[in-house]
Amino acid sequence: MIVRIMGEGQVRLADGHLTELNKLDDELLAEMENGDGPGFRRTLQALLTRVRDLGEPLPDDSLEPSELILPSPDATLEEVRELLSDDGLIPG
């Protein structure tokens with residue numbers, strides 16, 4: 001799966017990592033629903049860090065279509081709300 005982090009680039013991520021990332025996504029969704037700004041910021045950073053750690057960066061000139069788009073590390077709670085689907089940021 002190709003994942004784009006807005007403002008950073010793309011990584012190739014094995015589908016086997018989605019379960020772990022979905023746990024962080026669920027946590028992020030709950031914090032957003034509760035209006036927990038500090039918790040949201042912490043969990044967003046943790047999610048993006050795990051994607052970076054688990055993924056293999058693609059070259060900057062790569063034009064692969066992204067299957068998943070994640071917000072930038074400095075995205076606001078409102079900006080992330082606009083990116084959400086019913087499943088959160090990560091489907092499944």
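This briefing describes the fold, the sheet and three buried residues of the protein shown above. The model is a predicted one. The protein comprises three helices and four strands, and along the sequence these elements follow the pattern β-β-α-α-β-β-α. The radius of gyration is 13 Å, close to the 12 Å that the globule rule gives for 92 residues, so the protein is as compact as a globular protein of that length.

**Overall dimensions and surface**

- Along its principal axes, the C-alpha trace spans about 40 × 25 × 20 Å.
- Buried residues make up 38% of the 92 residues of the protein.
- Among contacts with a separation of 6 or more, 69% join residues that lie 24 or more positions apart.
- The protein exposes about 5300 Å², and carbon and sulfur atoms supply 50% of that area.
- The protein carries 8 positive and 21 negative charges, and the mean positions of these two sets are 4 Å apart.

**The sheet**

- The four strands form an open sheet in the order β3-β2-β1-β4, with mixed pairing. The edge strands are β3 (56–57) and β4, each of which pairs on one side only.
- Strands of a sheet pair through backbone hydrogen bonds, either parallel or antiparallel.
- Strand β1 (residues 2–5) and strand β2 (residues 9–12) are antiparallel and are paired over four bridges.
- β1 and β2 form a hairpin in which three residues separate the strands. In the turn, glycine 7 has a positive phi of about 85°.
- Two of the bridge partnerships between these strands can be named: isoleucine 5 has glycine 9 in β2 as its partner, and arginine 4 has glutamine 10 in β2.
- β1 also runs parallel to strand β4 (residues 68–70), to which three bridges join it. Here isoleucine 5 stands opposite leucine 70 in β4.
- β2 and β3 pair in the antiparallel sense over two bridges. Arginine 12 has glutamate 56 in β3 as its bridge partner.

**Valine 3, in strand β1**

- Valine 3 lies in strand β1. Its relative accessibility is 1%, below the 20% limit, and valine 3 therefore counts as buried.
- Leaving aside neighbours within four places in sequence, valine 3 is in contact with Gly9, Gln10, Val11, Leu13, Val51, Leu68 and Leu70.
- Valine 3 and glutamate 82 are 79 residues apart in sequence, and their C-alpha atoms are 18 Å apart in space.

**Leucine 21, in helix α1**

- Helix α1 (residues 18–33) contains leucine 21. Because its relative accessibility is 1%, leucine 21 counts as buried.
- Not counting residues up to four places away in sequence, leucine 21 touches Leu13, Leu47, Arg50, Val51, Leu54 and Ile90.
- A separation of 68 residues in sequence lies between leucine 21 and leucine 89, yet the C-alpha to C-alpha distance is 9.8 Å.
- Leu13 and Val51 appear among the contacts of leucine 21 and also among those of valine 3.

**Phenylalanine 40, in helix α2**

- Phenylalanine 40 has its place in helix α2 (residues 37–54). With 2% relative accessibility, phenylalanine 40 counts as buried.
- Setting aside residues up to four places away in sequence, phenylalanine 40 touches Leu28, Glu31, Met32, Ala75, Thr76, Leu77 and Val80.
- Phenylalanine 40 and proline 71 are 31 residues apart in sequence, and the distance between their C-alpha atoms is 12 Å.

**Points to locate in the structure**

- The β1–β2 hairpin can be found through glycine 7 in its turn.
- Isoleucine 5 can be viewed with glycine 9 in β2 as its bridge partner and with leucine 70 opposite in β4.
- The pair formed by arginine 12 and glutamate 56 marks the pairing with β3.

Technical notes: Residues are numbered from 1 along each chain as its sequence is written. This is a predicted model: local features need pLDDT of at least 70, side-chain atom pairs count only at pLDDT 80 or more; totals for chains, interfaces and linings use all residues. Side-chain values use heavy atoms; hydrogens and water are left out. Two strands pair if DSSP finds at least two bridges between them. The radius of gyration is taken over C-alpha atoms; the globule rule is 2.2 Å times the number of residues to the power 0.38. Buried means under 20% relative accessible area, exposed over 50%, partly exposed in between (1.4 Å probe, protein chains only). Contact means heavy atoms within 4.5 Å. Accessible areas come from the Shrake-Rupley method with a 1.4 Å probe; for residues, only the protein chains shown count as cover. Lys and Arg count as positive and Asp and Glu as negative; His and the chain ends are not counted. The place of a charge is taken as NZ of Lys, CZ of Arg, CG of Asp or CD of Glu.
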